[in-house]
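Trainee: I'd like to learn how to read the packing of helices and strands in a model. Can we go through one together?

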Amino acid sequence: MKLLFVNACMRGKESRTHQLCMDYLEKFLRAKKEEDWQIEELDLNSMDIQPLTGESLARRDFLSRDKKFDDDEFALANQMIEADHVLIGAPYWDLSFPAKLKTYLERCSVTGLTFIYSPQGVPEGQCRASSLTYITTSGSAIADFNFGYEYIKGLCCLFGIPRTHFASAEELDIIGNDIHKIMTSTKDKITDIIDEL
Ligand SMILES: Cc1cc2nc3c(=O)[nH]c(=O)nc-3n(C[C@H](O)[C@H](O)[C@H](O)COP(=O)(O)O)c2cc1C
């Protein structure tokens with residue numbers, strides 16, 4: 001079984017979001033039979049993924065038309081399809097997440113691979129994962145502006161991933177806040193998510 005960890009924590013080990021993801025992975029492996037799971041991590045910060053352009057889109061469409069889905073162009077989409085569980089860790093940036101994550105998701109979102117259209121024009125997700133967890137941390141409160149997670153939930157509908165979970169540690173940049181307490185309470189929420197999986 002494969003757990004795909006999409007690491008969009010741009011600050012590496014300094015990242016509080018990354019700390020929460022490590023907590024998640026540790027608890028996940030403890031709760032499941034560890035030897036049954038293989039973790040595949042994508043460290044987006046160090047990956048060279050480019051947004052689609054007119055030229056690269058034309059190339060992709062050409063490959064899709066010929067059903068050349070084993071081309072490297074589709075490696076990220078194929079990896080997403082084959083994952084049994086997905087963890088995305090991304091800091092809350094500009095009301096959503098770092099642009100590199102959007103670029104990655106653009107590369108995953110391929111008609112004919114991660115989703116197909118039925119003869120009636122209804123999208124049908126092709127991903128194997130039964131659930132996806134999204135972890136974030138933010139400087140202030142997220143409140144009604146949870147656009148990153150809302151977008152991920154929408155993509156999960158498209159990709160055919162039926163269940164999503166969310167954990168956040170918020171208000172971490174507010175001077176005087178007890179960061180340890182906020183992080184501990186988010187780790188408790190992570191424990192609850194793992195129990196639900
Ligand atoms: C480029 C950038 C954009 C940010 N945008 C927001 C924002 O819109 N709202 C907010 O509450 N915090 C914002 N923050 C603060 C981060 O969400 C916060 O510091 C978070 O904990 C960083 O995560 P990390 O420790 O995993 O890097 C931003 C930080 C950066 C660097």
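Mentor: Let's start with α4. In this predicted model, α4 lies across β1, β2, β3 and β6, and its direction makes an angle of about 140 degrees with β1.

Trainee: Which strands does α1 lie across?

Mentor: Helix α1, residues 16–31, lies across β1, β2, β3, β6 and β7. Against β6, α1 runs at about 145 degrees.

Trainee: And the sheet itself: what is the order of its strands?

Mentor: Read it across as β2-β1-β3-β6-β7: an open sheet of five strands with parallel pairing. The edges are β2 and β7 (163–169), each pairing on one side only. From one strand to the next, the twist averages 15 degrees.

Trainee: How many bridges join β1 to β3?

Mentor: Five, and the two strands run parallel. For a spot to click on, take V6: its bridge partner in β3 is I88.

Trainee: Back to helices. How do I describe two that pack together?

Mentor: You give the angle between their axes and the distance between those axes. Try α3 and α4: they pack at about 80 degrees, with axes 7 Å apart. Angles from 65 to 115 degrees count as roughly perpendicular, so α3 is roughly perpendicular to α4.

Trainee: Which residues meet there?

Mentor: From α3 you have L76, A77 and M80, and they meet Y104, R107 and C108 of α4. By class, that contact has five nonpolar residues, one charged and no polar.

Trainee: Why would residues three or four places apart point the same way?

Mentor: An α-helix has 3.6 residues a turn, so residues with that spacing point the same way. Now look at α3, residues 75–82: L76, A77, Q79, M80 and I81 are buried there.

Trainee: What do the buried residues of α3 pack against?

Mentor: Three strands and three helices would be a wrong guess; go by the list, which is β1 (2–7), β2 (38–43), β3 (85–89), α4 (99–108) and α5 (147–159).

Trainee: Let me try another pair, α1 and α6. How do their axes cross?

Mentor: The axes of α1 and α6 (residues 179–196) come within 10 Å and cross at roughly 35 degrees. The crossing is right-handed. On the α1 side the contact includes R16, L20, Y24 and F28, and on the α6 side M183, I190 and I194 are among the residues involved. Sorted by class, the residues of this contact are eight nonpolar, three polar and four charged.

Note on methods. Residues are numbered from 1 along each chain as its sequence is written. This is a predicted model: local features need pLDDT of at least 70, side-chain atom pairs count only at pLDDT 80 or more; totals for chains, interfaces and linings use all residues. Side-chain values use heavy atoms; hydrogens and water are left out. Buried means under 20% relative accessible area, exposed over 50%, partly exposed in between (1.4 Å probe, protein chains only). Helices (H or I, at least four residues) and strands (E, at least two) are DSSP runs, numbered from the N terminus. Contact means heavy atoms within 4.5 Å. Two strands pair if DSSP finds at least two bridges between them. Axes are lines fitted to C-alpha atoms, for helices over the stretch in contact, and angles run from 0 to 180 degrees between N-to-C directions. Angles under 35 degrees count as roughly parallel, over 145 as roughly antiparallel, 65 to 115 as roughly perpendicular and the rest as oblique. Ala, Val, Leu, Ile, Met, Phe, Trp, Tyr, Cys and Pro count as nonpolar, Asp, Glu, Lys and Arg as charged, and the others, Gly among them, as polar. A crossing is left-handed if the near helix is turned anticlockwise from the far one by less than a right angle, and right-handed if clockwise.
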